[in-house]
Structure formats: C-alpha cells, structure tokens
Amino acid sequence: MAQIFHWITALLVLIAFIYGPGGSEQRIYSPATDFDRQLHETLGMSVFVLVVLRVLWRMVDTRPEPTPVPRWMELSAKAVQGALYLLLFALPITAIAGAWLEGHPVTLLAGIQIPPLLGLSHAAGAQLANLHTWLGDAILWLAGLHAVAAIYHHIVLKDDVFVSMLPARIAPRRANGR
Ligand code: HEM
C-alpha cells in the first residue's frame, strides 16, 4: 500500500505540474483553457485525497525496519520527506482557498463544481494563487532532489533504500532478504 500511494502520488503530481494553468486570471478561467484547468484541478484534488488516506494509512501500517544509514543522512531524508508531505497538503489548500477567495468554483473533469465556501477577498485570493504556483515549482525541485538521493543510494551506496520502494515483482533481490 505504501508503494502504491508513493508512485501514484508521484505520477499525479508530475502530470498536474505539466498541466498547471499559467498566465493572467482571465486566461486561466477562459473557456479555451477549461479542459487543462479542470484536468489540473482534478489531478490536484486526487493528490489531496491520496495524501489524507496515506497519512491515515501510515498511522496503522507496520513498516519494515529502515536500512541503517549515517545519522546525517537519516535526518536529511526525514527533513525532505517532511517537506514533501507539507507541500502535498499546502498545494491543494492554497489552490482551493485562492480560487474561492477570487470567487471561482473548483471545477473537476466530470463537470462537478465546488462553489466558493469562503467570502470574496480577491487580493488575498490572488496572493494565495501566486503562492500556489511557487509551491508547485518547489515540490518538483524537492521531488527531484529526493529522486537523486534514491538513485545515489542504489548506484553509489548499493543499499536497499531505493529497492524497498519497488514492487517485489520488479525489484532486484534485496541484500538482507526483506
Ligand atoms: C497537488 C498538486 C498540484 C501541483 C503540483 C500544482 C502545480 C501548479 C503549478 C506549477 C501551477 C503554475 C503553472 C504556471 O504558472 O505555468 C499551478 C497553477 C494553478 N493551480 Fe495547481 N497544482 C496542484 C494542485 C492544484 C489543485 C488541487 C487545484 C484546484 C483546486 C489547483 C489549481 C490551480 C490554479 C487555479 C492555478 C492557476 C493559479 C493562478 O495563477 O491564478 N492546483 N498549479
């Protein structure tokens, strides 16, 4: 389950990033960009639901013993993973609040609309929408760093860290047999 949550989230965040609507507010909410924006919002809302389920799952899941690594590596990995979790919550929250404060509904692909549940405050909404775009860039940089670290573990340190996130069927045999 942890692997499924991890890889689906990574894929959805990447596609949501690619379809991130840019430009002026008028352009973002114009009929011409409806499909891209709705796809982006649908993927982003799916990420939100997934991260909530993932945190609940982590509370009941029994995780394998982590691969022993130096303390500094353990702490920096925890810091990056904590920041990724924070961003997975902050991205949808800033986007939803930003859109609502600007007076726009959240619109999903199936035609589902969630009308603004916050009062109109356009300037604050625009600031949150702007913050959202920054956070969108930040999560890609951080996820990139996280991926580079995983590859470093696999190729240079030759330990089990990366392999532990691969499904057993495609994972090379793990050194300690877990
Ligand atoms: C969780 C994954 C998400 C990621 C990685 C992400 C990423 C991004 C990025 C990078 C942009 C800027 C695109 C550009 O400037 O070219 C953007 C804009 C936007 N996103 Fe997201 N987003 C996510 C979730 C959401 C959700 C859940 C919603 C809607 C509820 C949403 C609605 C928007 C809107 C409306 C904009 C335009 C903001 C503006 O400039 O007014 N996003 N997103």
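A residue counts as exposed when its relative accessible area is over 50%, as buried when that area is under 20%, and as partly exposed in between. Keep this at hand for the exercises below, which use a predicted model.

**Exercise 1.** Find which residues coordinate the iron atom of the ligand, and where they sit in the chain.

*Solution.*
- Step 1: Start at the metal. His40 and His132 each coordinate the iron atom of the ligand through NE2, at 2.0 Å.
- Step 2: Place the two residues. His40 belongs to helix 3 (residues 34-60) and His132 to helix 5 (residues 122-157), so the pair links parts of the chain 92 residues apart.
- Step 3: Look at the geometry. The iron site has six donor atoms with angles of 88 to 180°, and it is octahedral.
- Step 4: Check accessibility. His40 has a relative accessible area of 15% and His132 has 16%, so both are buried.

**Exercise 2.** Work out which salt bridges Glu74 forms, and whether its partners are buried or exposed.

*Solution.*
- Step 1: Recall the principle. Side chains of opposite charge can pair when their charged atoms come close.
- Step 2: List the partners. Glu74 meets Arg71 with the closest N and O atoms 3.5 Å apart, and Lys78 with those atoms 3.3 Å apart.
- Step 3: Use the helix. Arg71 is three residues from Glu74 in helix 4 (residues 71-101), so about one helical turn separates them; Lys78 is four residues from Glu74, again about one helical turn.
- Step 4: Apply the cut-offs. Arg71 at 56% is exposed, as is Lys78 at 53%, while Glu74 at 30% is partly exposed.

Key: Residues numbered from 1 in each chain as written. Predicted model: local features only at pLDDT ≥ 70, side-chain atom pairs only at ≥ 80, totals over all residues. Heavy atoms only, no water. Donors = N, O, S within 2.8 Å, 3.2 Å for Na, K, Ca; no water. Tetrahedral: all angles 85-135°; square planar, octahedral: opposite > 155°, others 65-115°. Helix = DSSP H or I, 4+ residues; strand = E, 2+ residues; numbered from the N terminus. Buried < 20%, exposed > 50% of the residue type's maximum accessible area, 1.4 Å probe, protein only. Salt bridge = Lys/Arg side-chain N within 4 Å of Asp/Glu carboxyl O.
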